[in-house]
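Let's take a walk through a protein together. Have a look at the sequence and the structure first, and then we'll go through them piece by piece.

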Amino acid sequence: MVDTGLFGPWGQIILVVVVATTVLFVLLIVACFLTPGCIGHECARKRKKESTNILPRIKGRSNDNVKLNDVSYRSWRLGSLYENGNNGNGTISENVEFQRNSVNSTCGQFESIETSSTVNLIQTEKRKNDKKEKEFPTELTLSLQYFPPCDETITGKFVVGIEALSSLPPKQYNCTVEPYVALNIVKQSWSHRKQMKLHSFRTRGIRHTANPIYRETFVVANAKPHEVKEWALDIAAYDHDRYANHTELCSLKVAIKDVKIIFKSPEKHMFNYRMKPSYQEFGKILLGVSYLPTAQRLTINIMELRNVKVLKFVSSLNEFYPYVRVLMLNGKTGKKLKKRKTRTLHACAQPEFNETLTFDVTYDQLDTVQFLIVLCSRVSLKNIEPTNCSEHQSDSEDSVNSFKKTEDIFIGKVALGKGVRGSMERLHWFLILQSPRKLVNIWHTLK
């Protein structure tokens with residue numbers, strides 16, 4: 001045989017060893033490419049990433065020459081910048097160049113890319129909802145002081161000081177915050193379910209700042225040590241809104257029994273607490289919005305509301321007179337430009353309006369204008385005490401006495417526009433600009 005002639009009597013054994021070594025080497029190479037962490041697997045992984053990155057670039061180049069309308073496509077492309085946290089107030093510092101094209105040509109280009117763009121926006125929205133909303137680490141500087149009673153004439157005093165707040169979250173729409181702090185002293189029960197409110201205080205509001213300094217003190221007289229130890233401080237920071245309901249930004253609860261150091265010495269003791277962000281929801285509202293480029297008119301259809309927390313604002317459903325007010329605001333200055341409102345219903349837990357409100361909006365305003373939709377409840381004339389007519393001299397909402405005159409209850413609000421904080425609200429706005437002449441219906445949460 002051949003192997004016997006070449007290798008002698010060991011030829012067959014040597015041939016078997018060579019074949020087995022070759023098979024083992026091939027198996028090791030295959031295992032290296034399949035096992036994570038090996039050199040072959042990492043090289044194949046890098047090449048796969050490079051090939052997948054090339055495809056989106058090639059697809060993106062085909063859309064470079066697409067012009068939607070004056071601002072819609074560029075606004076949609078810049079929408080991801082709001083989630084990066086570059087600006088705290090949700091605005092973009094980049095100037096938008098307006099492109100003057102004919103309306104007919106832009107509408108045809110809209111129809112050609114409508115489906116793909118909508119799918120991409122919805123997919124990115126799902127990814128954003130999976131992530132936690134950006135939290136602002138708001139800190140409260142609090143001072144506590146207790147003066148024990150000396151005799152029967154001099155009683156004990158409990159002093160609470162609201163010193164300062166830092167890093168408050170921004171407004172839902174592009175206006176500066178006007179924060180104030182509400183302090184409630186409650187008595188805790190053993191079950192921690194029922195609380196009895198003993199005292200209520202409120203600081204002044206400070207405009208145009210997210211780091212207000214108050215330095216206000218509140219004194220509770222006739223405070224006995226064993227009673228004070230059962231108290232708790234319920235603190236909440238609110239944003240004063242002149243057009244809608246005040247927004248609760250963050251809250252904090254401090255049990256006095258956890259700060260027993262204040263009973264050892266009558267000195268002022270300073271504490272720093274991190275407040276918990278507040279996410280309050282007051283119901284759902286279905287809005288249908290469309291934009292007509294030829295007439296430069298924006299239409300808002302107020303359809304229906306669901307799961308409205310009525311009893312939180314009125315004592316009974318019979319006292320609920322809902323209506324919706326829509327304000328057109330300047331997103332840069334916060335100034336009110338126009339206002340519309342629906343008819344008023346009565347005793348409807350899930351009101352259905354199905355009313356259309358129109359606003360004249362030019363191309364230049366699409367990047368700056370914002371719409372504030374507010375659910376209100378009109379107070380019945382039976383519940384309004386008779387007052388002197390001289391107290392209400394103006395019907396304008398900008399006047400000082402206007403809030404006293406209406407006495408309407410603000411339940412919740414939704415802001416639509418390019419620079420608003422809510423991701424779903426921004427998505428709705430981009431879909432409106434992307435699909436002119438079409439009614440875009442989306443459910444929103446009243447906050």
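What follows is a tour of the sheets, the cores and a few odd residues. Keep in mind that this is a predicted model.

Let's begin with sheets. In general, the strands of a sheet pair through backbone hydrogen bonds, either parallel or antiparallel. One open sheet here has 4 strands in the order S5-S2-S1-S8, and the pairing is antiparallel. At its edges sit S5 (213-221) and S8 (269-274), each of which pairs on one side only. On average, neighbouring strands of this sheet are turned by 20° against each other, if you ignore direction. Now zoom in on S1 (residues 139-147) and S2 (residues 157-166): they run antiparallel and are joined by 9 bridges. If you'd like to find one of these on screen, look for Phe 147, whose bridge partner in S2 is Lys 157.

Next, follow the chain out of S2. The loop between S2 and S3 (179-188) holds Ser 167. This serine has a positive phi of about 60°, although it is not a glycine. Is Ser 167 buried or exposed? Neither, quite: with a relative accessible area of 34%, Ser 167 counts as partly exposed. Arg 215 is another residue other than glycine with a positive phi, near 55°. You'll find Arg 215 in strand S5, and it is exposed, with a relative accessible area of 65%.

Now for another open sheet of 4 strands, this one in the order S14-S11-S10-S17, again with antiparallel pairing. Here S14 and S17 are the edge strands, each pairing on one side only. From one strand to the next, the twist averages 25°. S10 and S11 run antiparallel and are joined by 9 bridges. To spot one pair, start at Lys 284 and look for its bridge partner in S11, Arg 306. Helix H8 packs on the sheet, where it touches S10, S11 and S17, and its direction makes about 170° with that of S17.

There's a hairpin to see as well. S12 and S13 form it, with 5 residues between them, and Gly 334 in the turn has a positive phi of about 80°. The two strands pair in the antiparallel sense over 5 bridges, and Met 328 has Lys 338 as its bridge partner in S13.

So what sits inside? The largest nonpolar core has 39 residues, and those with the most contacts inside it include Ile 302, Phe 371 and Trp 429. Among the elements that each supply at least two residues of this core are S12 (322-330), S15 (369-377), S16 (409-417) and H8 (423-434). Which element gives the most to it? That's H8, with 6 residues. For a close-up, pick Ile 302: leaving aside its neighbours within four places in sequence, it is in contact with Ile 285, Val 326, Phe 353 and Ile 373, among others. Apart from this core lies another one, of 31 residues, among them Leu 183, Ala 223, Ile 235 and Leu 249.

One last stop: the cysteines. A disulfide is a covalent bond between the sulfur atoms of two cysteines. How many disulfides are there in this model? The count comes to 0. As for where cysteines sit, Cys 250 is buried, with a relative accessible area of 2%, whereas Cys 348 is partly exposed, at 25%.

How values were computed
Residues numbered from 1 in each chain as written. Predicted model: local features only at pLDDT ≥ 70, side-chain atom pairs only at ≥ 80, totals over all residues. Heavy atoms only, no water. Core = buried A, V, L, I, M, F, W, Y, C linked by side-chain atoms within 4.5 Å. Buried < 20%, exposed > 50% of the residue type's maximum accessible area, 1.4 Å probe, protein only. Contact = heavy atoms within 4.5 Å. Pairing = 2+ DSSP bridges. Axes fitted to C-alpha atoms, helices over the stretch in contact; angles between N-to-C directions. Disulfide = S-S within 2.5 Å.
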